[in-house]
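I am opening a fresh page for this structure and will note what I looked up, entry by entry.

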Amino acid sequence: MGHTFDVQAMIQRFRDRANAVKNRPLPPIAGEERTRFIEQAQTDYQDFAIIGDAEGAIEDGFLVLRVDLRPPERRG
């Protein structure tokens, strides 16, 4: 990469993608296609939201994302 990588901007893009998936309207489909579309949207939202909730840093040239998967009542 020829420029400085902005970890927080990347994480924000994932938050934006999660919101876009969550608010995306259903296309005019029915039956099995509708079920597959909904399942894929749920998976996409989960994946984008996990990265969107991450704390990120670059350490020794590595992108490090920390995601707390503990239940909210157990987080520190």
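Is Phe-48 buried, partly exposed or exposed? I am working with a predicted model, and in it Phe-48 has a relative accessible area of 23%, which lies between the 20% limit for buried and the 50% limit for exposed, so I entered Phe-48 as partly exposed.

Next I searched the whole structure for aromatic pairs and found 1. The pair is formed by Phe-14 and Phe-48, whose ring centres are 5.8 Å apart and whose planes stand at 55 degrees, so I noted the pair as tilted. It joins distant parts of the chain, since Phe-14 belongs to helix 1 (residues 7–22) and Phe-48 to helix 2 (residues 31–52), 34 residues apart.

I then turned to the nonpolar core. The largest one has 5 residues, and Phe-14 is listed there together with Val-7, Met-10, Ile-11 and Ala-54. For Met-10 I set aside the neighbours within four places in sequence, and the contacts that remained were Phe-5, Ile-51, Leu-63 and Leu-65.

My entry on pockets records a volume of about 230 Å³ for the largest one. Its lining consists of Ile-50, Asp-53, Glu-55, Arg-66, Val-67, Asp-68, Leu-69 and Arg-75, which I sorted into 3 nonpolar and 5 charged residues, with no polar ones.

Last, I looked at Asp-60, in the loop between strand 1 (55–59) and strand 2 (62–66). Its phi is near 50 degrees, a positive value in a residue other than glycine, and with 78% relative accessibility Asp-60 counts as exposed.

Definitions and conventions
Residues numbered from 1 in each chain as written. Predicted model: local features only at pLDDT ≥ 70, side-chain atom pairs only at ≥ 80, totals over all residues. Heavy atoms only, no water. Core = buried A, V, L, I, M, F, W, Y, C linked by side-chain atoms within 4.5 Å. Buried < 20%, exposed > 50% of the residue type's maximum accessible area, 1.4 Å probe, protein only. Contact = heavy atoms within 4.5 Å. 1 Å grid on protein atoms, 1.4 Å probe; cavity = no way out; pocket = protein on both sides within 12 Å on 5 of 7 lines; lining within 4 Å. Points joined across faces, edges and corners; volume = space filled by probe spheres on them. Nonpolar A, V, L, I, M, F, W, Y, C, P; charged D, E, K, R; others polar. Phe/Tyr/Trp six-rings, centres within 6.5 Å; stacked < 30°, edge-to-face > 60°. Helix = DSSP H or I, 4+ residues; strand = E, 2+ residues; numbered from the N terminus.
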